[in-house]
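Subject: Structure handover

Hello,

Here is the structure I promised to pass on. Please open it first, then read my notes below.

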Amino acid sequence: MPSSRFAGSLSTPKVDVAIDMGNHFLNLTVDGFLKIGTVAATRVLAEDAYHVVKRGNISTRNFDQTFKKMCKEGAYWGTVAGVYVGMEYGMERVRGTRDWKNAMFGGALTGALISAACNKNKDKILTDALTGGAIATAATFLNYLT
């Protein structure tokens, strides 16, 4: 019986930001903020560059709007990442172990905090907490597979 296999590997460049705040918790939080904030800002830049090319025009107004959007999205997603990394590290320190439950609790607390800062609907806060915990847990399990 004929069979076929596919084997390969994908390696990504690793970027480490070395900012020493004097505290491991702060180092992790700032690192998460900077990395994810940069990814969010780059996403906005790529998306808006596509729209500029598609429309065929560029102006100072478009550039200003793109820059403001990059700053807003970078700050928002950087904050979410910083809070999550801090929560997960805090859970690890409180529980004294490093496992998937830290990601679940950290994701749930981050979802609840970010949601509570944006709205007052209790059902939405609970839903966002559950979603944050589920996404963080799934990401941790996927990391275990690789």
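Start in helix 4 (residues 122-145), with Asp 128 and Lys 124: they sit four residues apart in that helix, so about one helical turn separates them. The two form a salt bridge, and their closest N and O atoms are 3.2 Å apart. Lys 124 is partly exposed, at 39% relative accessibility. Asp 128 is among the buried residues of helix 4.

Keep in mind that this is a predicted model. The mean pLDDT of the protein is 87, and 88% of the residues score at least 70. Among the elements, helix 3 has the highest mean pLDDT, 93. Helix 1 has the lowest, 90. A general caution applies: where pLDDT is low, the predicted coordinates should not be read in detail.

**Overall layout**

The protein has four helices and zero strands. From the N terminus on, the order is α-α-α-α. Of its 146 residues, 25% count as buried. Take the contacts with a separation of 6 or more: 53% of them come from residues 24 or more positions apart.

**Salt bridges**

How many salt bridges are there? The count comes to seven. Three are worth a visit, and you have already seen one of them, Asp 128 with Lys 124.

The next is Asp 48 with Lys 69, at 3.5 Å from N to O. This pair links distant parts of the chain. Asp 48 is in helix 1 (residues 24-55), Lys 69 is in helix 2 (residues 60-95), and their positions lie 21 residues apart in the count along the chain. Is Asp 48 buried or exposed? Asp 48 has a relative accessible area of 12%, so it is buried. Lys 69 is partly exposed, at 34%.

Then look at Asp 99 and Arg 95. Their side chains meet in a salt bridge of 2.7 Å, N to O. Arg 95 has a relative accessibility of 31%, so it counts as partly exposed.

Back to Asp 128 and Lys 124 for a moment: their bridge spans 3.2 Å between the closest N and O atoms. Elsewhere, salt bridges that share partners form one network. Its members are Arg 43, Glu 47, Asp 48, Lys 69 and Glu 73.

**More on helix 4**

Helix 4 has 24 residues. From its first C-alpha to its last it reaches 35 Å, close to the 34 Å expected at 1.5 Å a residue. At its start, a side-chain oxygen of Asn 121 comes to within 3.0 Å of the backbone nitrogen of Asp 123.

Which residues of helix 4 are buried? They are Ile 125, Asp 128, Ala 129, Gly 132, Gly 133, Ala 136, Thr 137 and Thr 140. What do they pack against? The buried residues of helix 4 pack against helix 2 and helix 3 (100-118).

Thr 140 makes a good example. This residue lies in helix 4. Its relative accessibility is 12%, and the cut-off for buried is under 20%, so Thr 140 counts as buried. Leaving aside residues up to four places away in sequence, Thr 140 touches Trp 100 and Ala 103.

**Aromatic pairs**

A search of the whole structure finds four aromatic pairs. One of them is Trp 100 with Phe 141: the ring centres are 5.6 Å apart and the planes meet at 40°, so the pair is tilted. Trp 100 lies in helix 3 and Phe 141 in helix 4, so the pair ties together parts 41 residues apart in sequence. Both rings belong to partly exposed residues, with Trp 100 at 30% and Phe 141 at 40%. Ring pairs also bring in Tyr 144, which forms a cluster with Trp 100 and Phe 141.

**Before helix 1**

Last, look at Asp 20. It lies in the segment before helix 1. Its relative accessible area is 66%, so Asp 20 is exposed. Asp 31 is eleven residues from Asp 20 along the chain, and their C-alpha atoms are separated by 9.8 Å.

Best wishes

How values were computed. Residues are numbered from 1 along each chain as its sequence is written. This is a predicted model: local features need pLDDT of at least 70, side-chain atom pairs count only at pLDDT 80 or more; totals for chains, interfaces and linings use all residues. Side-chain values use heavy atoms; hydrogens and water are left out. A salt bridge is a side-chain nitrogen of Lys or Arg within 4 Å of a carboxyl oxygen of Asp or Glu. Helices (H or I, at least four residues) and strands (E, at least two) are DSSP runs, numbered from the N terminus. Buried means under 20% relative accessible area, exposed over 50%, partly exposed in between (1.4 Å probe, protein chains only). The expected span of a helix is 1.5 Å times one less than its number of residues. Contact means heavy atoms within 4.5 Å. A polar contact is a pair of N or O atoms within 3.5 Å; within protein, one must be able to donate a hydrogen and the other to accept it, and residues adjacent in sequence count only if both atoms are side-chain atoms. pLDDT is the predictor's confidence in each residue, from 0 to 100. Rings of Phe, Tyr and Trp (its six-membered ring) pair if their centres lie within 6.5 Å; planes under 30 degrees apart count as stacked, over 60 as edge-to-face and the rest as tilted.
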